[in-house]
Every structure is written in structure tokens, then in C-alpha cells.
Amino acid sequence: MNSSEKQEVGPAPCKRAKFLSLVLEPVQWLQMLSSQLHSSFIFGIVLVYGLCQGFSGSFFKVVTDYYWKDVQKVQPSTVQIYIGLYYLPWVMKPIWGIFTDAFPIKGYHRRPYFVIAGVLGLVSALIVALLGKLPIALALTCLIGITGGMAIADVVIDACIARNSIETRALAPDMQSLCAFCSGAGSLIGYSSSGFFVHHLGHQGALGILAIPPTLLIVLGFVIYETRATSHHFEKKKAIESVIFTMKGMCKSIKLPQVWKPSLYMFLSFAVSISTHEGQFYWSTDPKAGPAFSQEFVGVIYALGAVASIIGVLIYHKTLKDYPYRNLLFFAQLLYGISGMLDLIFILRWNLALGIPDSFFVITEQCVSHIVSRLRWIPMIVLSTRLCPRGIEGTFFALLMCIDILGSLISKWGGGIVLHLLHVTRTDYRNLWLVILIRNVLRFATLGLIFLVPKGNHSTELIPMDLLRKNSGTITDDEGMRLLSINETNED
């Protein structure tokens, strides 16, 4: 009796234990990161990547698309140019990095810049949301101000990530996975709610929601733990010397073949693949030419894409993080080109000929493209952290991200030019399929540049750890946050 009862009830507790273990795994992972790295650093990642970049970035994308289309009534090719201008604060990341590394405020390198980022984003969001229909130039300036706040906060937290990736290289993929997961989760919330707020608050009123994340950034600037630098770091001469050292170090590092080659690949992989987003958005919401998706359904599409992004992060973290960079990026770029063909099928309406409804097909396309994009993006970020020399890691990582963002800017502007040249407008989408075909061909062409990517993985030392200390009398010290516990030792 007892043995049979054990046989009957035995498997159930086992299944419950496995399920509980699966649920607790993310919590245990966060506890591990918090024990190895400072807990305030983990909190900063969650806030900056999850709320400010994930939520705000996704919400901003949808709401501003409708703002330009329905409030300002701008052509899609022109919107592509405007969106390219959103990237300008991100292109200036090395400048923000120099300020945070070399010019502390009241002895702090990180905390004041979180406050500055929050104030900039808060004021910009309130102006564009509350002052009615603005002149295009003023509206564009405010929207750039919102992205500027995001960019400055990103530089501050990325400086911490880069240093931790150097000092605890085994956790570099975990840190990038956490960033990507928080960004994906925030994007899911932002996309899910964007259509609802646009519908109920209006295209302009919904922009007021973007004032919330900058407010929390201001709070973060006051509560995050950072040691105050000693008085000699405030001297003007020291600041100038630090800037000179940083600039020389950046020039010396970028000249290394193992640095400029992968940087060139990442830049070209973004720049060559022209963006067609605005043309597709205008077409998909057009009641005459396209499927006329509603505001709520557009939010659902992007939300499911955010879920797919999280799945992409999990796939990378669980199965791909130890593979060589070159192999990962080759197959990711190949899949990137193949997934782009789904857009072509959708625009040509071949899905209907195959009996596949528009809603099902576009959701499938979004999920596939977001997974592939994550598998392509995360290895690039991990590789970038491994290219940063110790001592200027914050500024140099910002430089590498600036190069990538410059590629994205060129992609936006290039796409806008192609849309204009092929006469894709608010009412004429006859050549949109040709623009997408050109984009896909360029994606496949990028595969010919894969030789620029190193063959090593995240544990490979790509540049000398003491690169900037050789033949230099300047020794840099850590003036920023204490990200590692006192008892932690450096890994060789």
C-alpha cells in the first residue's frame, strides 16, 4: 500500500520541484550577480536598461510614429531623416563619457550625470506633451532632448558595465544578458501599453508618459552608491590631464588591428542595411493601400516582438554565449538577411495568396526578426566590452557604441533617401517592395566582411590589459563606483 502510494505520488513532487527550480533560477541568477557585483550596479542596470531604454525607447518609437504621421502629417521619407536626428545624442556618447570620467561634480563621477540626464528628459517630455501642436523644429528639438537624457544615462551605466567586464570577464556575457533581458522586458511593457495610451490620451498626450522614467533617473542619481573622490581630483589641471590621457588612449587603442577591424564590421553591418521602417509603418496603417492595422494592434505586434527579443536573449545566454564571435555573427547575419525576406512577402501580399492572414503573418515576422536581431546584437556588445582598455573603458566603450549608432543613423538616412528616390510617399507605396528588396540584398552583402571579426570568444584576451600603462607615467585609478566586493580577486 505504502509502496504503491509512493509510486503514485512520487512523480508529482518531482515535477513540482523542477518547476519551482525553473521559476527560482532567474532569482538565483540575480542573487549571484549581486554577490559578485555591487547591488546598486544591478539596480542601475534594471532602471536604465529596463525602464529608460526598454520602456521609454519602445513607447517613444510607437508614439512618435503616430505623432509625425497624424499630428505633424510628415512624409515617411522625411520622418526617416528626423528619426536619424534622434541618434545625435547617442553619437555624442564619447563626449558624455569624457565628461563623466574627467569632470566629476562635487566629487562624484556618476551620480550628478544621472540627475542631469533625468532633468533633460523630464523638461523635454513635458514641453512636447503640454504645449499643444509645436512647430516642427521645436518638436524635433524636444524629442531629441528625450533621447539625449537616455543617452547620457546609458553612458554612465555602460562605464560600469565595461569595467566589470574587464575585471570579471567570466560574467561579461551575464551582464549583457541582464541588460538585454531588462531591455526586452521594458520594451514588452512599453509596446503593450503604447497603443492603449495613444488611443485614449491622443498622439501628443501620450508623450507625457515619457516624463516618468526621467523622474526616476533623478531619484537614482541621489540614491545610487558612489564613493566621493578626494580633493586633488577636483583640480582643473588634473581634469585637463585626464582628458588628454583619455584622448591619447582612445587614439592608441583604435589603431590596433584587433580593435578597428571588428569596429569597422559592426559599423558597416548597421550602415549598409538601410532602414525601411517608416515606409512599412505608413503602409501597414493605411486603410486603402495596406492592411490598416489599428493603434492597439500595432502595440500588440511590437509587444510580441519584445517577447521574442527576450527569447533571443535566453537562447544566447543558454546555448550560444561560449561560441566564437565570428561563427556567431556570420550565422546571425545570414539569418538576418533571410528573415528580411518575410517583409517582402508581406508587402507583396503573397501571404494572402498562401492563405495566411495578415495578423498572423506579421506577428510571426516580428517574432522571427526580433529573435534574430538579438542573436546578432548581443555578441557585438560582448565583443565591444572586450575591446576596451583598462583606465578609459567608459569613454572607449562609448566610442564603440557611438560608431554603431552612427551606422544606425546612416541606415535611417540612407533608407529615407531611397524611399524618396523611389517615390514612396504617404499615399503611394508601389515601389516599397523594391526598397525592401534592396535592403535585403545589402544585408547578405555584409557577409563578405565577416573576416574582420576575431575568432575568439568572450574569454579571449583581445587587447593587452596594461595597454595604456606601457611607456606611460600616468596611472589611472578607479574614481567611480565600487562595483566589486572587497574580497573579490581579479581573474587571470
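In this predicted model, Arg 349 comes out as partly exposed, with a relative accessibility of 24%. That value lies between the 20% below which a residue is called buried and the 50% above which a residue is called exposed, so the intermediate label applies. The backbone at Arg 349 deserves a look as well: phi is positive, at about 65°, although the residue is not a glycine. Arg 349 sits in the loop that runs between helix H15 (325–347) and helix H16 (350–353).

A positive phi is also found at Ala 292, with a value of about 55°, and here too the residue is not a glycine. Ala 292 belongs to the loop between helix H13 (277–284) and H14. Its relative accessible area of 34% makes Ala 292 partly exposed.

Turning to the interior, the largest nonpolar core holds 60 residues, and Trp 68 and Leu 432 are the ones that touch the most other members. Helix H3 (residues 39–71) provides the largest share of this core, with nine residues. The surroundings of Leu 432 can be followed residue by residue: once neighbours within four places in sequence are set aside, Leu 432 is in contact with Gly 279, Gln 280, Trp 283, Ile 347, Leu 419 and Val 424. A further core of 36 residues lies apart from the largest one, and its members include Tyr 265, Leu 375, Met 380 and Leu 387.

Helix H9 offers a polar counterpoint in Ser 187. With a relative accessible area of 11%, Ser 187 falls under the 20% limit and is therefore buried. Not counting residues up to four places away in sequence, Ser 187 touches Gly 54, Phe 55, Ser 58 and Ala 306.

Helix H9 (172–205) appears again at the second largest pocket, where this helix, helix H2 (11–36) and helix H14 (295–320) each supply at least two residues of the lining. The pocket has a volume of about 340 Å³. Its lining is made up of 13 residues, and those nearest the centre are Glu 25, Pro 26, Trp 29, Phe 181 and Leu 314. H2 gives the largest share of the lining, five residues. Sorted by class, the lining comprises nine nonpolar, two polar and two charged residues.

Methods
Residues numbered from 1 in each chain as written. Predicted model: local features only at pLDDT ≥ 70, side-chain atom pairs only at ≥ 80, totals over all residues. Heavy atoms only, no water. 1 Å grid on protein atoms, 1.4 Å probe; cavity = no way out; pocket = protein on both sides within 12 Å on 5 of 7 lines; lining within 4 Å. Points joined across faces, edges and corners; volume = space filled by probe spheres on them. Helix = DSSP H or I, 4+ residues; strand = E, 2+ residues; numbered from the N terminus. Buried < 20%, exposed > 50% of the residue type's maximum accessible area, 1.4 Å probe, protein only. Core = buried A, V, L, I, M, F, W, Y, C linked by side-chain atoms within 4.5 Å. Contact = heavy atoms within 4.5 Å.
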